[in-house]
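User: Hey, I'm a first-year and I've got this model open. Can you walk me through it?

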Amino acid sequence: MAPTVPSAAKSASPSQPSGKSEVADLKQQLRQLAGSRAPDADDQRRDVFKRVISCMTAGIDVSAAFGEMVLCSATSDVVTKKMCYLYVGAHARAHPDLALLTINFLQRDCRDQDPTIRGLALRSLCSLRVPNLVEYLVTPLATGLKDPSSYVRMIAAVGAAKLYHISATACIDADLPASLKALMLSDPDAQVVANCLHALQEIWSQEAANSEAAAREIETLYSKPVVFYLLNKIKEFSEWAQCLVLELASKFLPSDNNEIFDIMNLLEDRLQHANGAVVLSTIKVFLHLTMSMTDVHQQVYERIKAPLLTLVGAGSPEQSYSVLCHLHLLVMRAPMLFSSDYKSFYCQYSDPSYVKKLKLEMLTAIANESNTYEIVTELCEYAGNVDVPIARESIRAVGKIALQQYDVNAIVDRLLQFLEMDKDYVTAETLVLVKDLLRKYPQWSHDCIAVVGNISSKNIQEPKGKAALIWMLGEYSQDMHDAPYVLESLVENWDEEHSPEVRLHLLTAVMKCFFKRPPETQKALGATLAAGLSDTHQDVHDRALFYYRLLQYDPAVAERVVNPPKQAVSVFADTQSSEMKDRIFDEFNSLSVVYQKPSYMFTDKEHRGPFEYSEDLTNLAVGAEAQENVISAQRYQENDNDLLLSTSDKEDNGTRASNGSAASTYNAPSDLIGSSLISSQAPAETSLINTSGPTYSSQSNFSLDDLLGLGLNESPVPPPQPTLTLNSKPVLDPGTFQKKWGQLALALTQECSLSPQGAASLMNPQSLIRHMQSNYIQCIASGGQPPNYKFFFYAQKDGATAFFLVECIVNTASAKAQLKIKADDGTAAETFSTLFQSALSKFGLS
């Protein structure tokens, strides 16, 4: 038999609508069905409505069929009604003029005999959210609150809150809050009571800012009659409603201890509830009510342990993590109460990484003399975990337990065993912990150094691990025979080390080693200072310059500054203050506990740093003295070289420059002066800063350079960079700026420092904008809140169409600025960056 040929007239599949032709076909079918009284008319309407909803789901605009849908709404079929209400609610806000067509049939349905249709119609009427239709909502809502059907009353209670958000005046004038309150205290249906409570809290909490009467009404919600009335009915509520009532009870202020015990007796069985939200809400009530009763508060901790530990093991990983976050908060407040349950926090193979990490933090918190051995043994097993982040966290946990002075002897031996594992990340994390242990327990230095001395720096790739090893090489160089030579090999590979942290530690370690073993470290110190002075990172350069000038002033003073006698660290700083922890505890059973920060830090706009355009874009005043502030790269380099010279050297250098020298450079004599470093300096002063102190001769300065091997004249002088002149009146509108920013590639990313006066001046961000304008650098947008500010600047090359665009993020707390520079002319980006940083460094100094 031949296959059946599909009919050409067959309509398209609802799951694959065909656009405009499909909508036109739907409109035609809806018109035909609008007045039809055929027996199968309801079934046909349902099929067509399904196709309309399918088109909506596919993203096709079916608003053209709005009138036909309204005409077909006259049906007793509940399914068809639901689809019609869904369609109307989706298109009413976008087409408020068409929404007026729905009022008549929605109001008619609000009086239908079927309570389901009445409720659906009332919900759809309140969901229109069209301000012009507010007058049509008040009467149906007032009637709905008195409806004999609990379903309609439940929807009317939520609809009152919707009406308040559309028009607060209409809601208050209709006295709907009073009706809600009366319904809440008298309605037999628990869900209606819960919806009334939720609506009242939402309305009165917002009205309280403008109305004393609303503030008093909120207080009545927290009164004893209301709270006890709701708590006595709590078993009738749904899980969501129970959480709502429990949140209300947590804010109740009992007048005596008897009320506290009455509430706790009422809620005792809620601790065994299967829903984790109900259990946490109940725990919050218990904890907050007993804050003033120390003994009872401790008993509450004992009582809530079992329910919480049950939730951790019974739920999904996400629920376990949420409950663990709350357990972690409780453990930090009362670690001794959970110390016997440490095995409950052992990591399971199937636990996700985020759950394992939280369990490790809790094991660290509950460790004490009685369980340290078992906990550390378990943590050491995790060190070889295939999950590298968890292995790192376990090693850190072992170190934190050691810093708590629990079984230090055994823990140090375990840590030193980690160094024998042939894994880079294990070695790096262990070295960091050994460094902290030596800072707190210097008596363990001989045992630790004996093992650390066998580790080759070439086998450590992570910067923090290498920095910890370098710190130990400098701090205990007198006990490590090869320390000067290891440091010298690291200095030789200075250019291959890309981490500023390692280079900073290397500078300090070489200085410390020099004061303990001068003959062996003299050459390494000279090479280190020379490399640091030529380093491109600002912090490395500044520290090397500081050490050089300190040695030039007086080596004895330098030793007291760099390598003073140190006391053991008693307590390491906590990342969170006690005030912050108390604030999080007050917000128990909320996202604050999961995020480990108070709610205002992730909800308030002030902490999100809004970005807005500068208001004075059209009135950019250009200072007349701006041309004087343009500093060439050559002059900038000369300033750095001047910092290396004493007063007499600068005078001598200035004389040579005035006699026709091509560039002002620092040239030390090639012959080595035989006097020692100590004897070549003036006597040590009691204070490092002494305005009337001795003036050092060029001879002593040359002696220092020769002794350290700083023959700067042997290195070639870098060629001067070309100067850059900026257009005094550049013009660039925000749209063009945004387009260029998206098209141009990033030319430079740099960090620079502000003067303390400049950081303080940023209390008024407009002062920085005016300062940069005086340097022919204009601001097109700015924003932010203390301590972080963001600016977008632009400048134009004089005599050319090339623009320079800058994103400048300033942190006033650290007085640092992060720069991102994009340029039409990439070859001039470096020169412009020097000019920009020069202008920024002068901010606040005049």
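Analyst: Sure, starting with a term: helices (H or I, at least four residues) and strands (E, at least two) are DSSP runs, numbered from the N terminus. By that rule, arginine 108 sits in helix α6, residues 103-109. Keep in mind that this is a predicted model, where local features need pLDDT of at least 70 and side-chain atom pairs count only at pLDDT 80 or more, while totals for chains, interfaces and linings use all residues. Residues are numbered from 1 along each chain as its sequence is written, and side-chain values use heavy atoms, with hydrogens and water left out.

User: Ok, is arginine 108 buried or exposed?

Analyst: In between: arginine 108 is partly exposed because its relative accessibility is 40%. The cut-offs are under 20% relative accessible area for buried, over 50% for exposed, and partly exposed in between (1.4 Å probe, protein chains only).

User: And what does arginine 108 touch?

Analyst: Leaving out residues up to four places away in sequence, arginine 108 touches Ser73 and Ala74. Contact here means heavy atoms within 4.5 Å. Arginine 108 and alanine 74 are 34 residues apart in sequence, yet their C-alpha atoms are 9.7 Å apart in space.

User: Let's zoom out. How many helices and strands are in the chain?

Analyst: The chain has 42 helices and six strands. It has 846 residues, and 48% of them count as buried. If you take contacts between residues at least 6 apart in sequence, 68% join residues at least 24 apart.

User: What about the surface?

Analyst: The accessible surface of the chain is about 41200 Å², and 52% of that belongs to carbon and sulfur atoms. Those areas come from the Shrake-Rupley method with a 1.4 Å probe, and for residues only the protein chains shown count as cover.

User: Back to helices. At what angle do α4 and α7 cross?

Analyst: The axes of α4 (residues 78-92) and α7 (residues 115-126) cross at roughly 5° and come within 10 Å. That makes α4 roughly parallel to α7. Axes are lines fitted to C-alpha atoms, for helices over the stretch in contact, and angles run from 0 to 180 degrees between N-to-C directions. Under 35 degrees counts as roughly parallel, over 145 as roughly antiparallel, 65 to 115 as roughly perpendicular and the rest as oblique.

User: Which residues meet there?

Analyst: From α4 you have Val78, Lys82 and Tyr85, and they meet Thr116, Ile117, Leu120, Ala121 and Ser124 of α7. The residues of that contact split into five nonpolar, two polar and one charged. For that split, Ala, Val, Leu, Ile, Met, Phe, Trp, Tyr, Cys and Pro count as nonpolar, Asp, Glu, Lys and Arg as charged, and the others, Gly among them, as polar.

User: What does α22 pack against?

Analyst: The buried residues of α22 pack against α21 (353-366), α23 (388-403) and α24 (408-418). Helix α22 covers residues 372-382, and its buried residues include Ile375, Val376 and Leu379.

User: Where's threonine 430?

Analyst: Threonine 430 is in helix α25, residues 424-440. It's buried, with a relative accessible area of 0%. Not counting residues up to four places away in sequence, threonine 430 touches Ile395, Leu415, Phe418 and Leu419.

User: New topic: how many disulfides are there?

Analyst: The count is zero. A disulfide is a pair of cysteine sulfur atoms within 2.5 Å. Take cysteine 110: the closest cysteine sulfur is in cysteine 126, 7.9 Å away, which is too far for a bond. Cysteine 110 counts as buried at 16% relative accessibility.

User: And methionine 154, which helix is that in?

Analyst: Methionine 154 is in α9, residues 150-166. It's partly exposed, at 22% relative accessibility. Apart from its neighbours within four places in sequence, methionine 154 is in contact with Gln191, Val192 and Asn195.

User: Anything to look at in the backbone?

Analyst: Try the peptide bond from proline 786 to proline 787, which is cis, with omega near 5°. Proline 787 is in the loop between β3 (778-785) and β4 (788-796). Then there's glutamine 596, which isn't a glycine but has a positive phi near 60°. Alanine 815 also has a positive phi, about 55°, and is in the loop between β5 (803-811) and β6 (816-823).
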